[in-house]
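Work through the exercises below with the structure open. Try each task before you read its solution.

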Amino acid sequence: MSTPPPAFSSRFEPRYVEDPYPLYARLRQEAPVQFSEELHLWVVSRYEDVKTVLLNPGDFLSANAFRNPVPPAPEVLEALAEGYPQVPALVDDDPPNHTRMRVIVTKALAHHRVSAMEPRVRAIASELVDAFAREGRADLVEGLAFPLPARVIGAILGLPDSDLERLKAWTEDLVTLSAGNAPVPRQVECARGLVAIQKYLAGHISERRRAPKDDLISALIEARHEDTPPLSDVELISLLSMLHFAGHETTANLLGNLLVMLLREPERLEALRQDTRLIPSAIEEALRFDAPVQGMMRTTRSAVTLGGVALPEGARLLILYASANRDGAAFHAPDQADPRRPDVGRHLGFGLGIHYCIGAPLARMEVRIALELLLERLPGLRLAPGSPVLYLPNFLHRGPRRLLVEWDPA
Ligand code: HEM
């Protein structure tokens with residue numbers, strides 16, 4: 001007798017936290033559109049189905065994408081009530097308001113052209129690598145993967161470096177709150193973190209309204225889309241906390257996942273050291289092989305059939321980019337990391353369609369510079385023996401929390 005397909009909720013079992021891909025493979029094979037009773041979500045795991053959802057935003061809405069699948073406890077709601085209302089901001093919004101905000105953010109970000117940021121990003125990355133290059137041993141998550149994107153997005157938004165530590169703590173609170181599976185007292189703490197970041201951003205917005213600066217906050221206050229109204233304070237707060245989060249956690253996870261992918265196959269790392277022109281392909285392959293954003297939510301506008309399964313109106317979906325990227329129907333030898341595959345870049349790691357990641361060029365540039373520097377400065381880079389790579393139990397975001405490495409100091 002065959003065993004029933006595993007439930008997606010087993011994603012939090014330690015073996016799947018460490019490596020969710022065997023679970024995704026069974027879901028694709030045995031239950032590609034599976035209803036999770038525990039999470040109240042339909043889990044979509046095949047490439048074609050995920051792509052259908054992404055390319056039909058009129059049928060699959062992004063509104064409420066961050067509403068916890070399981071309603072938060074009253075104590076958590078009480079803590080959140082102390083802050084500003086959370087209004088939709090791009091990723092959890094639909095046209096026409098999504099279009100208005102996307103135009104505004106694209107315009108404001110264009111002002112801080114990614115290519116113009118490159119020398120600044122390189123200077124920040126060099127300073128971070130300098131701090132540990134002589135040691136011969138480091139935690140690359142703590143030393144580089146987290147602080148680099150945090151400082152870069154902070155610089156773009158116009159937030160001072162001296163606030164980085166508390167911003168980091170609040171970001172961790174947001175990640176934990178979004179997973180919705182922490183004990184209630186911890187969730188309350190995280191909700192307070194979210195309120196704190198809202199109040200912090202509100203302070204910066206009112207400062208910029210009084211005295212604009214050459215930063216993204218000021219550009220967002222100024223930018224307009226046709227004759228639609230400018231962004232309100234409440235919209236700005238939601239948007240800025242989303243941008244800060246999106247520009248930070250995800251990029252840190254991409255660098256972490258890329259390094260794990262390469263360090264586990266030292267000959268690949270050596271090939272990159274020999275020919276750094278391969279780095280962009282290795283980054284694309286890491287986005288496919290171990291996607292930092294594993295999935296995102298959608299809601300059906302009306303009853304619809306997906307992958308042969310009838311979904312009711314208002315059904316909530318978790319679309320698994322990370323599983324789609326390992327689908328053998330879409331990629332040859334999907335479980336092998338191969339930066340030289342001919343279709344490198346056809347992954348869904350940055351999404352697809354109207355919500356395609358606005359920060360993709362920035363993320364690619366930061367990670368490329370970080371890897372170039374590590375290859376240049378840390379000869380013989382390898383995983384520290386006996387130090388397992390640890391992951392957070394989160395089904396939306398994936399990246400190492402600690403990555404201990406060694407090298408041969410000069
Ligand atoms: C490696 C790093 C990153 C990854 C893996 C990533 C991933 C994604 C994904 C998968 C989406 C689509 C969400 C959906 O389908 O609903 C998205 C959207 C978005 N990302 Fe990124 N992102 C990264 C870095 C960044 C950075 C650095 C920024 C900002 C500076 C950023 C800003 C955004 C924004 C604003 C959206 C929403 C776009 C919209 O809804 O129209 N991301 N990202």
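The exercises cover the ligand site and then salt bridges, in a predicted model.

**Exercise 1.** Identify the protein donor of the ligand's iron atom and place it in the fold.

*Solution.*
- Start at the iron. The only protein donor is Cys 357, through SG, at 2.3 Å.
- Now locate Cys 357. It sits in the loop between helix H16 (321-324) and helix H17 (360-377).

**Exercise 2.** Describe the shell around the ligand and its polar contacts.

*Solution.*
- Take the shell. The ligand is surrounded by 28 residues.
- Sort them by class: 18 are nonpolar, eight polar and two charged.
- Look for contacts to ligand oxygen atoms. A polar side-chain atom of Arg 102 lies at 2.7 Å. For Arg 298, a polar side-chain atom lies at 2.9 Å.
- Check the backbone too. An N or O atom of Ile 354 is 3.5 Å from a ligand oxygen.

**Exercise 3.** Which parts of the fold does the salt bridge between Glu 406 and Arg 137 tie together?

*Solution.*
- Check the distance. The closest N and O atoms of Glu 406 and Arg 137 are 3.3 Å apart.
- Assign the elements. Glu 406 is in strand S12 and Arg 137 in strand S4, so the bridge links parts 269 residues apart in sequence.
- Compare exposure. Glu 406 is buried at 19% relative accessible area, while Arg 137 is partly exposed at 44%.

**Exercise 4.** Analyse the salt bridge between Arg 401 and Glu 249.

*Solution.*
- The N to O distance is 3.2 Å.
- Arg 401 belongs to strand S11 and Glu 249 to helix H13, so the pair ties parts 152 residues apart in sequence.
- Glu 249 is buried at 1%; Arg 401 is partly exposed at 25%.

Technical notes. Residues numbered from 1 in each chain as written. Predicted model: local features only at pLDDT ≥ 70, side-chain atom pairs only at ≥ 80, totals over all residues. Heavy atoms only, no water. Donors = N, O, S within 2.8 Å, 3.2 Å for Na, K, Ca; no water. Helix = DSSP H or I, 4+ residues; strand = E, 2+ residues; numbered from the N terminus. Near = heavy atom within 4 Å. Polar contact = N/O pair within 3.5 Å; in protein donor to acceptor, adjacent residues only side chain to side chain. Nonpolar A, V, L, I, M, F, W, Y, C, P; charged D, E, K, R; others polar. Salt bridge = Lys/Arg side-chain N within 4 Å of Asp/Glu carboxyl O. Buried < 20%, exposed > 50% of the residue type's maximum accessible area, 1.4 Å probe, protein only.
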